[in-house]
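Let's take a look at how two chains meet, and at a couple of threonines along the way.

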Amino acid sequence: MPQLNTTTWPTIITPMLLALFLITQLKLLNSHLHPPTPPKFTKPKLHAKPWGPKWTKVYLPHSLPPQY
Amino acid sequence: MNESLFTPFITPTVLGLPAAVLVILFPPLLIPTSKHFINNRLIIIQQWLIRLILKQMMTTHNAKGRTWSLMLTSLIIFIASTNLLGLLPYSFTPTTQLSMNLAMAIPLWASTVAMGLRFKAKITLTHLLPQGTPTPLIPMLIIIETVSLFIQPLALAVRLTANITAGHLLMYLIGSSALAMLAINLPLTLITLTILTLLTILETAIALIQAYVFTLLVSLYLHDNS
């Protein structure tokens, strides 16, 4: 039976040790298994204050690029 | 036609160089790693499988047993991918080699026993005697239990080797007989049906992997948690 030919045993055992104990484990360690996200609690929204600081675009006719 | 029945199980060499090294190192290439949050379908499916395996295997262990989760997950993935790739025609299955299975079984089993002896020496030793045995039977039973303990790694290795080898041999024999009967033109459907069912039954190579890891798990569990 060719499985009992012990001269090839180190040839098989060494890459097995590499593949199992090194490569597969490094792969598993480096693959981030992201867990499903837990439900997020949003903060209660404040009503919009018209005087609050926010960005407003000022339409100045002379500041706009010429539109054709 | 092959020279003998066991030619597929010879360690493959190409011009004197060991191709077995490449064959053994190939299956991890099929499992891409990704650090992204959103991946493609292949990676999503594989990561889902890994998470499922991890959950199924590790819930029955306590904290100390769960330190083995990386080892056991990589073990089941390695054996599963290797066995499944061996189902392709003309491929070499490394798990048919007794050398590899022994090299997997003996260190893992020995480390579980060592762990049990190191942390729970008394409990591990008392496992050698089942409860409620009559006093005259005690010496004989201790010997029997010790023998059954030492036969665990051998059984693990030989079980995997023999099952995969026998499956491959059977597929080869039935396939070659079907080919031979083609000229005689016997009902072909019966033969192809046999091969098909045998292949699907042989996909219990996966069950074998389960068997491997689960028996390993059982021994770890017993030694660790009692």
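Here is a short report on the interface and on two residues of chain B.

This is a predicted model, where local features need pLDDT of at least 70, side-chain atom pairs count only at pLDDT 80 or more, and totals for chains, interfaces and linings use all residues. Residues are numbered from 1 along each chain as its sequence is written, chains are lettered from A in the order in which they are written, and side-chain values use heavy atoms, with hydrogens and water left out.

Start with the interface. Chain A and chain B bury about 3,100 Å² between them, with 79% of it on carbon and sulfur atoms; buried area is the accessible area (1.4 Å probe) that two parts lose on being put together, summed over both. On the chain A side that touches chain B there are 16 nonpolar, ten polar and one charged residues. The contact (heavy atoms within 4.5 Å) draws in 27 residues from chain A and 38 residues from chain B.

Now the two threonines, where buried means under 20% relative accessible area (1.4 Å probe, protein chains only):

| Residue | Relative accessible area |
|---|---|
| B:T73 | 3% |
| B:T93 | 4% |

B:T73 sits in helix α4 (residues 69–85) of chain B, helices being DSSP runs of H or I, at least four residues, numbered from the N terminus. Leaving out residues up to four places away in sequence, B:T73 touches A:L28, B:I50, B:I53, B:L54 and B:M57.

B:T93 is in the loop between α4 and α5 (98–119) of chain B. With the same sequence neighbours left out, residues up to four places away, B:T93 touches B:T82, B:N83, B:G86, B:I164 and B:H168.

Conventions. Helix = DSSP H or I, 4+ residues; strand = E, 2+ residues; numbered from the N terminus. Buried < 20%, exposed > 50% of the residue type's maximum accessible area, 1.4 Å probe, protein only. Nonpolar A, V, L, I, M, F, W, Y, C, P; charged D, E, K, R; others polar.
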